[in-house]
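Welcome, and thanks for coming along. Please have your viewer open and your selection tool ready, and we will go from stop to stop together.

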Amino acid sequence: MTSLSDRPPVITTPRPSASQAASPTARRRTAQAIVKLQRVNKTYANGAIALKDVNLSINRGDFLFITGPSGAGKSTLLKLLYGAERPTSGNVMVHDHNLAQLRGDRLSLLRRRIGVVFQDYKLIPRRTVSENIAFVLWAQGCSRKEIHRRLLPTLRLVGLQDKGDCFPDELSGGEQQRVSIARAIIGTPPVLLADEPTGNLDFDNSWQVIKILKKLNDMGVTIIITTHDEHLVRMSNHPVVQIRNGHLITVV
Ligand SMILES: Nc1ncnc2c1ncn2[C@@H]1O[C@H](COP(=O)(O)OP(=O)(O)O)[C@@H](O)[C@H]1O
Ligand SMILES: [Mg+2]
């Protein structure tokens, strides 16, 4: 096992296209860190220590699993990345902005460039699938035409093109999670964070979710996913970091 506490690890798997590989400049761009945690500590107000001296660098286009037992600090790490929590100390850089310092409108604008998926879907029960997905764009002031233009391709991407008019309680758990992925990506964020997205799903539905995330990754989206499902991680064949008691401990 490698301790990551003392140095920023390179855990990325840059996959340059042939044309990018030809140019050193393009190669540097490919390996650009889109997420960077530097000496990050997080202690909650009640004294719970969630993260200890975490250093992590994730490149544009990576697909990274974060594993570890319950209470290890996985959700806290993602919360720092989408600005739901602030670090007690250290820097949390996303898209070249330090989330430890961003407030108000500037934080809201940055959040538009980060999609988030949760274990419990968080869909609005009395809204249809299409309304749930479109809500984000509508709230951002997009025109009806623009929303309409984006909706069907996004539904297709998650295999729900026939379910747009259904309500969440008419869908299976796997389908509901795919709605929440569609909602997270309709704004075309370059980064997608998924906190235990398969935690409530059986293996087949979990694998379907992973396949959609892989497809998004092939389209260039950087994916960071937490899970404690070791089987899923092994099958997926992507880089993994582990968190134990707030420490990032291994790179695979
Ligand atoms: N809002 C909070 N207030 C206080 N302690 C918290 C809060 N959220 C998480 N914790 C604590 O921080 C630690 C890490 O939690 P979490 O990041 O949720 O872990 P995981 O997602 O790996 O299960 C745990 O000890 C947990 O009890
Ligand atoms: Mg969690």
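At what angle do α5 and α6 pack, and how far apart are their axes? Keep in mind as you look that this is a predicted model. The angle between α5 and α6 is about 135°, and their axes are 10 Å apart.

**Stop 1: α5 and α6**

Select residues 129-139 for helix α5 and residues 144-157 for helix α6. Angles over 145 degrees would count as roughly antiparallel, so at about 135° this pair is described as oblique. The crossing of α5 and α6 is right-handed.

Now show the side chains where the two helices meet. On the α5 side, pick Ser-130, Ile-133, Ala-134, Leu-137 and Trp-138; on the α6 side, pick Glu-146, Ile-147, Arg-150, Leu-151 and Thr-154. Colour them by type and you should find 6 nonpolar, 2 polar and 2 charged residues in this contact.

**Stop 2: Ile-147**

Stay in helix α6 and centre on Ile-147. Which residues does Ile-147 touch, leaving aside those up to four places away in sequence? They are Ala-134, Leu-137, Trp-138 and Cys-142. Ile-147 has 18 C-beta neighbours inside 10 Å, so it counts as partly exposed; the label "buried" would need 20 or more. For a distance to try in your viewer, go from the C-alpha of Ile-147 to that of Val-136: the two are 11 residues apart in sequence and 9.6 Å apart in space.

**Stop 3: α5 and α7**

Val-136 leads us to another partner of α5. Add residues 173-185, helix α7, which packs with α5 at an angle of about 30°, the axes being 7 Å apart. These two helices are therefore roughly parallel to each other, and their crossing is right-handed. From α5, Val-129, Asn-132, Ile-133 and Val-136 take part in the contact, and from α7, Val-179, Ala-182 and Arg-183. By type, that contact has 5 nonpolar residues, 1 polar and 1 charged. Notice Ile-133 here: it also belongs to the contact between α5 and α6.

**Stop 4: Arg-112**

Next, select Arg-112, in the loop that links α4 (104-111) and β6 (114-118). Is Arg-112 buried or exposed? Arg-112 is exposed, because 12 other C-beta atoms lie within 10 Å. Beyond residues up to four places away in sequence, Arg-112 touches Gln-140, Gly-187 and Pro-189. Pro-190 is worth a click too: 78 residues separate it from Arg-112 in sequence, yet their C-alpha atoms are 9.6 Å apart.

**Stop 5: the sheet**

Finally, switch to a cartoon view and look for the open sheet of 4 strands, ordered β2-β1-β4-β5 with antiparallel pairing. The edge strands are β2 (49-59) and β5 (97-98); each has a single partner strand, so one side of each has no neighbour in the sheet. Helix α3 (residues 74-81) packs on this sheet and touches β1, β2 and β4, its direction making about 120° with that of β1.

Zoom in on β1 (residues 33-43) and β4 (residues 89-94), antiparallel strands joined by 5 bridges. Here you can find Val-35 opposite Val-94 and Gln-38 opposite Asn-91.

Then follow β4 to β5, where 2 bridges join the antiparallel strands. Met-93 has Asn-98 of β5 as its bridge partner. The hairpin of β4 and β5 has 2 residues between the strands, and His-95 takes a positive phi near 50° there.

Note on methods:
Residues numbered from 1 in each chain as written. Chains lettered and ligands numbered in written order. Predicted model: local features only at pLDDT ≥ 70, side-chain atom pairs only at ≥ 80, totals over all residues. Axes fitted to C-alpha atoms, helices over the stretch in contact; angles between N-to-C directions. Parallel < 35°, antiparallel > 145°, perpendicular 65-115°, else oblique. Left-handed = near helix turned anticlockwise from the far one by under 90°. Contact = placed C-beta atoms within 7 Å. Nonpolar A, V, L, I, M, F, W, Y, C, P; charged D, E, K, R; others polar. Pairing = 2+ DSSP bridges.
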